[in-house]
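Me: I am new to this model and would like a close look at a single part of it. Please choose one place, go through it slowly, and explain each term when it comes up.

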Amino acid sequence: MAEHDPGEAAGDPSRAPAQHAPSLVRWIGMPLEVVGGLALFALMLLTVSDALLRSFANRPILGGGDYIQVILVIVVAASLPLCIAGGRAIAIEFLTARLPDVPRRLLKRLTALLCVVMLGYLAWRCAVNAREAAMFGETT
């Protein structure tokens, strides 16, 4: 039985999988990090501005709630794939840490495949919902 490295389960940043990621993942990840970071900053700026304008000038930002929803979607859409690709998703490993090396690696690959399938399903549903919204003339 292979000995388990305690730094791996504890989320030791020096062992982050993103450091050893293939160059394609890094090329895709870099723009996602920039877009996600800028969107998060815009979300913060819009939320604070809307709250201050609402409180002190009684003039909230028109459509502020819609803008916040759209920006939040961008933040989540950029962050979720980065977390999964980088192996930084929250995981509870008290059972898998006791497994032998081969089943543990197989379980990690199965989990990654399940994440890809779920993200694909979510993307498909978003496309279907967007098409239906366009057919009904909904706008934001």
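Reply: The pairing of α2 and α3

Read along the sequence, the protein has the pattern α-α-α-α, which amounts to four helices and zero strands; helices (H or I, at least four residues) and strands (E, at least two) are DSSP runs, numbered from the N terminus. This is a predicted model, in which local features need pLDDT of at least 70 and side-chain atom pairs count only at pLDDT 80 or more, while totals for chains, interfaces and linings use all residues. Residues are numbered from 1 along each chain as its sequence is written, and side-chain values use heavy atoms, with hydrogens and water left out.

Of the 140 residues, 14% count as buried, where buried means under 20% relative accessible area, exposed over 50%, and partly exposed in between (1.4 Å probe, protein chains only). Among contacts (heavy atoms within 4.5 Å) between residues at least 6 apart in sequence, 61% join residues at least 24 apart.

The part to look at is where α2 and α3 meet. Their axes come within 8 Å and cross at roughly 150°, with axes taken as lines fitted to C-alpha atoms, for helices over the stretch in contact, and angles running from 0 to 180 degrees between N-to-C directions. The helices α2 and α3 are therefore roughly antiparallel to each other, since angles under 35 degrees count as roughly parallel, over 145 as roughly antiparallel, 65 to 115 as roughly perpendicular and the rest as oblique. The crossing of α2 and α3 is left-handed, a word used if the near helix is turned anticlockwise from the far one by less than a right angle, whereas clockwise makes it right-handed.

On the α2 side the meeting residues include Val-25, Gly-29, Leu-32 and Glu-33, and on the α3 side they include Gly-64, Tyr-67, Ile-68 and Leu-82. The residues of this contact divide into 18 nonpolar, four polar and one charged; Ala, Val, Leu, Ile, Met, Phe, Trp, Tyr, Cys and Pro count as nonpolar, Asp, Glu, Lys and Arg as charged, and the others, Gly among them, as polar.

The largest nonpolar core is made up of five residues, Ala-39, Leu-43, Leu-46, Ile-71 and Val-75, such a core being a set of buried Ala, Val, Leu, Ile, Met, Phe, Trp, Tyr and Cys residues joined through side-chain atoms within 4.5 Å. Both α2 (23-57) and α3 (64-85) give two or more residues to this core, and α2 gives the most, with three. Leaving aside neighbours within four places in sequence, Ile-71 is in contact with Ala-39, Ala-42, Leu-43 and Leu-46.

In the loop between α2 and α3 lies Asn-58, which is exposed, with a relative accessible area of 66%. The phi of Asn-58 is near 55°, a positive value in a residue other than glycine.

Asp-50, in helix α2, counts as buried at 9% relative accessibility, and it touches Pro-60 and Ile-61, not counting residues up to four places away in sequence. Gly-64 is found in helix α3 and is likewise buried, at 3% relative accessibility. From C-alpha to C-alpha, Gly-64 and Asp-50 are 6.9 Å apart in space and 14 residues apart in sequence.

Val-25, also placed in helix α2, is partly exposed, with a relative accessible area of 34%. Although 61 residues separate Val-25 and Gly-86 in sequence, their C-alpha atoms are 8.8 Å apart.
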